[in-house]
Every structure is written in C-alpha cells, then in structure tokens.
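Biologist: I should like a close look at a single part of this structure, namely its nonpolar core. Please set the core in the context of the whole chain and go through the residues that matter for describing it.

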Amino acid sequence: MNKEQGNEYWILKKIWKFQNQLKEVFDDYILLKDALVNDNSEEAQTVAKNIGKNLAKVDMKLLSDNEAHNHWMTIQKELKNSASAIEKNSNIAAQRGHFKHLSAHMISSVRLFGINQTVYSEFCPMADNNK
C-alpha cells in the first residue's frame with residue numbers, strides 16, 4: 001500500500017466509524033417512532049434520553065472536512081434539542097410535535113453522512129393532519 005492509499009484507508013475508516021456511531025442514534029430514532037405510533041409516551045421519553053446519550057458518543061473529530069464538521073455541529077444541536085424536549089415532555093401530542101423537528105434533522109444527517117445501510121424516508125399522509 002502506498003502513502004496515498006494509506007491516507008485514503010484512514011479517511012474511509014474514520015468515515016465508517018462516524019457512520020456507525022450515527023447509526024446508533026438512527027436505531028434509537030426508529031424505536032422512538034415506534035413508541036409514538038403505539039401512543040407510549042413513557043417509552044418515547046426513555047428512548048429520547050437514549051438518543052441524547054448516543055448523540056454524545058458521536059465523535060465529530062472523525063469529520064476532518066471543515067464543512068462536514070460544521071454541518072454536523074448544527075444538526076447535532078437540533079437533534080439534541082428535539083430529543084431533550086421529547087424526554088422532558090409526557091404529553092404524546094407535544095412529543096409528536098418535537099418528533100417532526102427531530103425527523104427533519106435525522107433525515108438530513110442520514111442523507112449527508114450515511115449510516116452504512118439503505119434507508120428510505122416515508123411520508124405518512126395521516127400524520128399531522130395530512131400536512
């Protein structure tokens with residue numbers, strides 16, 4: 001392996017590691033969606049707390065590109081704020097409102113960074129009164 005190939009390897013390894021860390025957040029996001037679909041506000045609070053914990057484990061230093069790093073910092077802040085709002089609120093309607101915001105930023109993060117798996121974004125016409 002020459003020097004250029006070695007550098008590419010380490011860059012790809014960092015990206016892969018970041019994507020795996022982000023996948024942990026995504027997996028919790030799916031659990032949160034399921035809790036809200038099942039009208040389980042307590043479970044939603046628990047999973048939202050886990051989202052916050054897993055967000056804290058995502059190592060933004062793995063993003064060596066300044067633009068990518070700055071995008072992640074913005075998205076991470078929004079994800080954290082939304083998850084925290086869901087965690088602190090036991091009202092299912094309010095939790096769902098915060099979930100819409102969380103979803104927009106989760107979709108953005110997966111599109112920008114990937115999570116080492118194929119993901120589809122679905123639109124539910126019944127959600128939010130067909131908005």
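Modeller: Read from its start, the chain follows the pattern α-α-α-α, with four helices and zero strands. The model is a predicted one. The chain has 131 residues, and buried residues make up 32% of them. Among contacts in the chain with a separation of 6 or more, 71% join residues that are 24 or more positions apart. The accessible surface of the chain is about 8,700 Å², and carbon and sulfur atoms account for 52% of that area.

Against this background, the core can be described. In soluble globular proteins, nonpolar side chains tend to be buried together. The largest nonpolar core here holds 28 residues, and those touching the most other members are Phe 18, Leu 22, Leu 32, Trp 72, Leu 102, Met 106 and Phe 113. Two or more residues of this core are supplied by each of helix H1 (3-37), helix H2 (41-57), helix H3 (66-88) and helix H4 (92-113). The largest share, eight residues, comes from H1.

Met 106 illustrates how these members meet. Setting aside residues up to four places away in sequence, Met 106 touches Leu 22, Val 25, Phe 26, Tyr 29 and Leu 79. Of these partners, Leu 22 is itself among the residues that touch the most other core members.

The aromatic residues deserve separate attention. A search of the whole structure finds five aromatic pairs. One of them joins Phe 18 and Trp 72 in an edge-to-face arrangement, with 5.3 Å from centre to centre and 90° between the planes. Because Phe 18 lies in helix H1 and Trp 72 in helix H3, this pair ties together parts that are 54 residues apart in sequence. Phe 18 has a relative accessibility of 1% and therefore counts as buried. Trp 72 is likewise buried, since its relative accessible area is 0%. Ring pairs also bring in Phe 113, so that Phe 18, Trp 72 and Phe 113 are linked into a cluster. The three residues of this cluster are also listed among the core members with the most contacts to other members.

Buried positions in helix H3 include polar residues as well. Ser 82 is found in helix H3, and at 3% relative accessibility it counts as buried. Apart from neighbours within four places in sequence, Ser 82 is in contact with His 98, His 101 and Leu 102. Leu 102 is one of the core residues that touch the most other members, which places Ser 82 in contact with a member of the core. Gln 76 also lies in helix H3. Its relative accessible area is 17%, and Gln 76 is therefore buried, the cut-off being under 20%. Between Gln 76 and Ala 56 there are 9.1 Å in space, C-alpha to C-alpha, and 20 residues in sequence.

Finally, nonpolar side chains are also found at the surface. Ile 11, Leu 12 and Ile 15 form a nonpolar patch there, with about 280 Å² of accessible area together. Ile 11 has its place in helix H1, the helix that gives the core its largest share. With a relative accessible area of 45%, Ile 11 is partly exposed, whereas Phe 18 in helix H1 is buried at 1%.

Terms used:
Residues are numbered from 1 along each chain as its sequence is written. This is a predicted model: local features need pLDDT of at least 70, side-chain atom pairs count only at pLDDT 80 or more; totals for chains, interfaces and linings use all residues. Side-chain values use heavy atoms; hydrogens and water are left out. A nonpolar core is a set of buried Ala, Val, Leu, Ile, Met, Phe, Trp, Tyr and Cys residues joined through side-chain atoms within 4.5 Å. Buried means under 20% relative accessible area, exposed over 50%, partly exposed in between (1.4 Å probe, protein chains only). Contact means heavy atoms within 4.5 Å. Patches are made of residues with over 30% relative accessible area and no salt bridge: like charges are joined within 9 Å, nonpolar side chains (Val, Leu, Ile, Met, Phe, Trp, Tyr) within 5 Å. Accessible areas come from the Shrake-Rupley method with a 1.4 Å probe; for residues, only the protein chains shown count as cover. A salt bridge is a side-chain nitrogen of Lys or Arg within 4 Å of a carboxyl oxygen of Asp or Glu. Rings of Phe, Tyr and Trp (its six-membered ring) pair if their centres lie within 6.5 Å; planes under 30 degrees apart count as stacked, over 60 as edge-to-face and the rest as tilted.
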